[in-house]
Amino acid sequence: MNEELIKEIELAKKHLLDQLEKIDDKRSLLRSPELRALYERIPKIEPDQRAYFGKAVNSLKEEIALAVDQHVNQAESLPPIDVTAPFAPNVDMSNRPSLLDANMGSLHPLTKEIDYICDIFESMGFSVIPSREIDDDWHMFTSLNFPEGHPARDDYDTFMTEQKDKEGKPWLAPAHTSTMQNRVLTKFKSNLEEGNSIAAILPGRVFRNEDVDARHEHTFYQFEGVFVGKDVNIGNLLASLKTFLEKYYGTDIEIKTQPFYFPFTEPSLEFAISCPFCSKAGCRVCSYSGWIELLGCGMIHPNVLKAGGIDPEIYQGFAWGCGVDRLVMMKHNIEDVRLFESGRLDFLRQFSAGGDS
Ligand SMILES: [Zn+2]
């Protein structure tokens with residue numbers, strides 16, 4: 001075989017072996033265009049060289065097939081990787097940390113509290129539906145009776161993505177769990193047609209563009225309550241909240257309300273409770289006033305019911321949004337909201353088993 005053809009085979013071999021190291025599907029190398037091109041060349045080779053060249057191409061293919069087999073076998077004989085391990089077991093075996101005892105971990109105090117809140121509401125007949133951490137403008141505002149350009153939108157200043165939804169608006173990190181209301185109304189309106197009510201609790205993480213300090217965080221937790229049925233009135237709202245809070249604090253409480261404004265409820269109320277820590281005598285938690293302003297609530301605005309496909313002439317409902325962080329801060333006398341997201345172990349360990357919980 002002439003030197004030129006020998007060189008051509010050598011070059012192809014080098015290229016194929018290089019490829020073998022790089023590609024994931026090693027066996028696909030045997031169907032590679034380079035190898036196919038060599039076979040297609042055979043009939044075009046001058047007759048006196050053709051048989052030699054054909055043999056050389058065949059033995060190249062055998063050599064590559066052998067190398068592929070070796071690589072595949074080697075990969076299959078590697079020890080399996082434990083994807084749950086807190087380190088890379090196949091990378092740094094010499095310096096691997098010893099495993100932590102499982103009982104050293106604990107639930108975050110906010111997670112614990114949300115579980116507790118949901119347990120109480122489940123015992124009262126509410127379904128628990130987690131909220132979401134990214135949503136569109138329509139669910140966050142328009143479906144809740146905040147029309148385009150409505151000044152109340154400014155109170156819910158949050159973070160947005162550069163990517164746009166199908167209406168050309170940025171996706172939003174929800175500033176309140178109310179972003180779920182329309183989904184709940186739409187999903188469960190068949191309950192109403194069957195003569196039942198809609199009762200749901202919507203816990204979730206929410207976001208605001210805040211100047212962060214001891215009382216304000218950009219990331220915090222809320223739980224929304226939604227109830228819709230026939231002949232529902234504001235007395236049902238106040239009784240539901242009072243029942244929950246008395247179970248939650250394990251003590252009798254008094255409640256009081258004053259008018260407020262939210263676009264998605266009418267009437268809207270600010271809801272306060274007698275201080276469960278001092279029975280109105282005055283303490284640090286209630287700033288010595290005996291009362292604690294706790295949440296916003298009201299009767300669901302007819303436009304919000306309509307947006308969920310529910311006839312406000314037949315059905316009425318109430319809703320509230322309550323911050324979880326504040327409940328936990330009051331319960332455990334925590335003075336700085338930033339501790340929750342700080343990842344500080346000295347803070348978190350106080351809530352682990354055996355700690356102050
Ligand atoms: Zn008090």
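This is a short walk through a predicted model, from its domains to its sheet, its helix packing and a few backbone details.

Two points on conventions come before the structure itself. Residues are numbered from 1 along each chain, in the order in which its sequence is written. Because this is a predicted model, local features need a pLDDT of at least 70 and side-chain atom pairs count only at pLDDT 80 or more, while totals for chains, interfaces and linings use all residues.

Let me start with the overall division. The protein chain is split into domain 1, residues 3-76, and domain 2, residues 109-351, with the bounds coming from an automatic or database domain assignment. Between the C-alpha centres of domain 1 and domain 2 there is a distance of 67 Å.

Now to the sheet. When I speak of helices and strands, I mean DSSP runs, numbered from the N terminus, with helices being H or I over at least four residues and strands being E over at least two. Two strands are called paired if DSSP finds at least two bridges between them. On that basis there is an open sheet of seven strands with mixed pairing, in the order β1-β4-β5-β9-β8-β7-β6. Its edge strands are β1 and β6, the latter covering 255-262, and each of them pairs on one side only.

Going inward from the β1 edge, strand β1, residues 127-128, pairs with β4 in the parallel sense over two bridges, and Val128 has Ile201 as its bridge partner in β4. Strand β4 (residues 198-207) then pairs with strand β5 (residues 219-229) in the antiparallel sense, this time over ten bridges, and here Phe207 stands opposite Thr219. As for cover, nine of the ten residues of β4 are buried, where buried means that 20 or more other C-beta atoms lie within 10 Å of the residue's own, exposed means 12 or fewer, and partly exposed is in between, with C-beta atoms placed from the backbone.

Further along the order, β7 pairs with strand β8, residues 291-300, in the antiparallel sense over eight bridges, with Thr265 opposite Ile300 in β8. Two residues of β7 deserve a moment. Phe271, which is found in β7, is buried because 23 other C-beta atoms lie within 10 Å. Taking contact to mean C-beta atoms, placed from the backbone, within 7 Å, and leaving out residues up to four places away in sequence, Phe271 touches Leu241, Ile255, Thr257, Leu294, Leu295 and Cys297. Ile273, in strand β7 (residues 265-274), counts as buried because it has 20 C-beta neighbours inside 10 Å, and its contacts, with the same sequence exclusion, are Leu245, Ile253, Ile255, Ile292 and Leu294.

Which strands does helix α9 touch where it packs on the sheet? They are β5 and β9 (316-323), and the direction of α9 makes about 110° with that of β5; axes here are lines fitted to C-alpha atoms, for helices over the stretch in contact, and angles run from 0 to 180 degrees between N-to-C directions. Within α9, Val324, Asp325, Leu327, Val328 and Met329 are buried, and the buried residues of this helix pack against α4, β5 and β9.

That brings in the helix pair. Helix α4 (residues 109-123) and helix α9 (residues 324-332) pack at about 105°, with their axes 10 Å apart. The two are therefore roughly perpendicular to each other, the class for 65 to 115 degrees, whereas angles under 35 count as roughly parallel, over 145 as roughly antiparallel and the rest as oblique. From α4 the contact takes in Pro109, Leu110, Glu113 and Ile114, and from α9 it takes in Val324, Asp325, Leu327 and Val328.

I will finish with the backbone. Most residues other than glycine have a negative phi, and most peptide bonds are trans. Here the peptide bond from Glu266 to Pro267 is cis, with omega near 0°, and Pro267 is found in strand β7. Asp231, in the loop between β5 and α7 (234-249), has a positive phi near 55°, and this residue counts as exposed because it has 7 C-beta neighbours inside 10 Å. Lys280, in the loop between β7 and β8, has a positive phi near 70°, but with 14 C-beta neighbours inside 10 Å it counts as partly exposed.

Technical notes:
Contact = placed C-beta atoms within 7 Å.
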